[in-house]
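Please load the model in your viewer, with the sequence panel open beside it, and follow the selections below in order. Each stop says what to pick next and what is found there.

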Amino acid sequence: MADRSLRGMRIGAQSLQSEDGVVFADRAEYTYRCADCGRDTVMTFSTEAEIPDTWECRFCGHNATLLVDQKPVEVDRSGEKVARTHWDMLLERRTIPELEELLEERLQWLRARRGQTQKSA
């Protein structure tokens, strides 16, 4: 009898918790179709969750679009900001003729500097 009380159990191998009284959230499956590879990705979400319009395709990694009644949902991208490049920001400050004039001035300065360096060398 003393030997039985000293025996332990495998740590981490078995859980001491039970699932009695646990109520799982209601779930629903949603299908996303990838426009690039044409495959469907089925995801399970809680019925209370906000469902995203796009999901990453598990096959090719591109964006897949949510299907409602076997038709892709129209994704509203009006609120998204488009990334501005350095060129876009430059064109906000200068016109093309101004940029050409600045380029010509800078080229003349570089040519004059190169000519001065070659003479002294």
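Accessible areas here come from the Shrake-Rupley method with a 1.4 Å probe. With that understood, begin with the whole of this predicted model displayed as a surface: the protein exposes about 11300 Å², and carbon and sulfur atoms supply 49% of that area. Of its 121 residues, 9% count as buried. If you compute a contact list, residues 24 or more positions apart account for 20% of the contacts with a separation of 6 or more.

Now change to a cartoon and colour by secondary structure, which comes to three helices and five strands. Followed along the sequence, these elements give the pattern α-β-β-β-β-β-α-α.

**The strands**

Select strand E1, residues 27-34, together with E2; the two run antiparallel and are joined by seven bridges. Between them lies a hairpin connection of five residues, in which Gly38 takes a positive phi near 80°.

Keep E2, residues 40-46, on display and show its side chains, which divide into a covered face of Thr41, Met43 and Phe45 and an uncovered face of Asp40, Val42, Thr44 and Ser46. This can be set beside a general rule: in a regular strand the side chains alternate between the two faces of the sheet.

Next add strand E4, residues 63-68, which is antiparallel to E1 and is joined to E1 by three bridges. Arg33 makes a convenient landmark at this point, since Arg33 stands opposite Asp40 in E2 and also opposite Thr65 in E4.

Extend the selection to strand E3, residues 54-56, which is likewise connected to E4 by three bridges in an antiparallel arrangement. One of the pairs to pick out is Glu56 with its bridge partner in E4, Asn63. The hairpin of E3 and E4 has six residues between the strands, and Gly61 in the turn has a positive phi of about 90°.

Finally add E5, which runs antiparallel to E4 with two bridges between them; here Val68 stands opposite Lys71. Two residues separate E4 from E5 in their hairpin, where Asp69 in the turn has a positive phi of about 55°.

**Val73, just past E5**

Step on to Val73, which lies in the loop between strand E5 (71-72) and helix H2 (86-93). Its relative accessible area is 23%, so Val73 is partly exposed. Leaving aside neighbours within four places in sequence, the residues in contact with Val73 are Asp53, Thr65, Leu66 and Val68. For a distance label, draw a line from its C-alpha to that of Tyr32: the two residues are 41 apart in sequence and 9.6 Å apart in space.

**The cysteines**

Select the cysteine sulfurs. How many disulfides does the structure hold? The count is zero. Cys57 is in no disulfide, and the nearest cysteine sulfur, that of Cys37, is 3.7 Å away. Cys57 counts as buried because its relative accessibility is 2%. Turn then to Cys60, whose sulfur is 3.4 Å from the closest cysteine sulfur, that of Cys34, and therefore too far for a bond, given that the cut-off for a disulfide is 2.5 Å. At 33% relative accessibility, Cys60 counts as partly exposed.

**Salt bridges**

The structure has three salt bridges to visit.

- Return to Arg33 and show its side chain with that of Asp40: they form a salt bridge whose closest N and O atoms are 2.7 Å apart. Both count as partly exposed, Asp40 at 33% relative accessibility and Arg33 at 31%.
- Select Arg84 and Glu92, whose salt bridge has its closest N and O atoms 2.9 Å apart. Glu92 is exposed, with a relative accessible area of 53%.
- Select Arg111 and Glu104, whose side chains meet in a salt bridge at 3.9 Å, N to O. Glu104 counts as partly exposed, at 37% relative accessibility.

**A nonpolar patch**

For the last stop, bring back the surface and colour Trp87, Leu91 and Ile96, which make a nonpolar surface patch of about 280 Å². Trp87 lies in helix H2 and, at 47% relative accessibility, counts as partly exposed.

Notes
Residues are numbered from 1 along each chain as its sequence is written. This is a predicted model: local features need pLDDT of at least 70, side-chain atom pairs count only at pLDDT 80 or more; totals for chains, interfaces and linings use all residues. Side-chain values use heavy atoms; hydrogens and water are left out. Helices (H or I, at least four residues) and strands (E, at least two) are DSSP runs, numbered from the N terminus. Buried means under 20% relative accessible area, exposed over 50%, partly exposed in between (1.4 Å probe, protein chains only). Contact means heavy atoms within 4.5 Å. Patches are made of residues with over 30% relative accessible area and no salt bridge: like charges are joined within 9 Å, nonpolar side chains (Val, Leu, Ile, Met, Phe, Trp, Tyr) within 5 Å. A salt bridge is a side-chain nitrogen of Lys or Arg within 4 Å of a carboxyl oxygen of Asp or Glu. Two strands pair if DSSP finds at least two bridges between them.
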